[in-house]
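Me: I am new to this structure and should be grateful for a close look at a single part of it. Please take one helix and explain how it is placed among its surroundings.

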Amino acid sequence: MSTTFGDRLEEAVTAYGPLCVGIDPHPQLLHRWGLDDDVEGLRRFGDTVVEALAGQVAIAKPQSAFFERHGSAGVAVLEHVLAMLREVGVLSLLDVKRGDVGSTMAAYAEAYLSDGSPLAADAITVSPFLGFGSLAPAFELADATGRGVFVLAMTSNPEGAQVQHARVAADAAGEGGVTVAEEIVSAVAERNAEGGGSGRFGSTGMVVGATVGKDIADLGLAQALADSRAPLLAPGLGAQGADAGDIARGFGPALPLVLPSSSRGILAAGPAPAGLRAAVRQQAAELAGG
Ligand SMILES: O=c1ccn([C@@H]2O[C@H](COP(=O)(O)O)[C@@H](O)[C@H]2O)c(=O)[nH]1
């Protein structure tokens, strides 16, 4: 691919808006849609969601876990969903939260970020818990193939604060230093500055939950997020309780970088594609302040 992920994302968001829809085939959703919790149900769920999202959204986020729970046949359905998203022109952000020592990270990168791999996506989520530097193989391959990497920074779950708000290089009383979240924001901003490009988005993104607006303010990170050029995946919209107002207030100056993300909040409107599309339009209008 000749263009960067950031440029492709900007083009898609300009055309369709920033809403990212999650493809999370929860057993409860399969049941609600009248499908069995098996590989055939998974495939029909995936086909329906992709059909409904085509021409409606810039980017969709399949959640790997809900495919993996069906074993290798479920992973084959995930490959099929990724191929279909490619076919209909919706960018794929595979939520797989990988992170490992360098040589193993290189193998994960090949699985998800190399041209021709059956599980290749336009972007993936990664975890920096083994150290930001351990993610280098993913960044390098993503840069080489025009793909993107979203680093977990401030996740939407309440437990995340235990690690993400901890202070690095603090004194014995826990004072001074910077938070882990701030370290990640700085490292991602540096990557996007080095990576060049003058568009709205760099190709290294972050995951910053839609639910953590107060934490962004408490940690004083709104301006650093805005300056990072990182696309900011913001899950937590809908089922986890955040709404469009929380996102606007919470992200402040960083709002133009935010990709608000909802899975169950949209998927509950299925199985009719028209119902899913109506839910997408309603959520998009709320985000746009309409
Ligand atoms: O901080 C994070 C990172 C990822 N997620 C994922 O997003 C979806 C949320 O689903 P909803 O149904 O809209 O709650 C799910 O796949 C999570 O694993 C997140 O929620 N928070």
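Reply: In this predicted model, the residues Val77, Leu78, Val81, Leu82 and Leu85 of helix H5 are buried. Viewed down the axis of H5, these buried residues fall within an arc of 145°, so they line one face of the helix. The face of H5 turned away from that buried side carries Ser72 and Glu87, which are exposed.

Helix H5 itself comprises residues 71-88, 18 residues in total. From its first C-alpha to its last, H5 reaches 26 Å, which is close to the 26 Å expected at 1.5 Å a residue.

The surroundings of the buried side may be described next. The buried residues of H5 pack against three strands and two helices: strand E1 (20-23), strand E2 (59-62) and strand E3 (91-98), together with helix H3 (39-53) and helix H4 (64-68). After H5 comes Gly89, a residue with a positive phi, near 80°.

For a further example of a buried residue, one may turn to helix H13, residues 264-267, in which Leu267 lies. Leu267 has 26 C-beta neighbours inside 10 Å and therefore counts as buried, the cut-off being 20 or more. Once its neighbours within four places in sequence are left aside, Leu267 is in contact with Asp24 and Leu29. Gly245 stands 22 residues from Leu267 along the chain, and the C-alpha atoms of the two are separated by 21 Å.

Notes:
Residues are numbered from 1 along each chain as its sequence is written. This is a predicted model: local features need pLDDT of at least 70, side-chain atom pairs count only at pLDDT 80 or more; totals for chains, interfaces and linings use all residues. Helices (H or I, at least four residues) and strands (E, at least two) are DSSP runs, numbered from the N terminus. The expected span of a helix is 1.5 Å times one less than its number of residues. A residue is buried if 20 or more other C-beta atoms lie within 10 Å of its own, exposed if 12 or fewer, and partly exposed in between; C-beta atoms are placed from the backbone. The arc is that of the directions from the helix axis to the C-beta atoms. Two residues are in contact if their C-beta atoms, placed from the backbone, lie within 7 Å.
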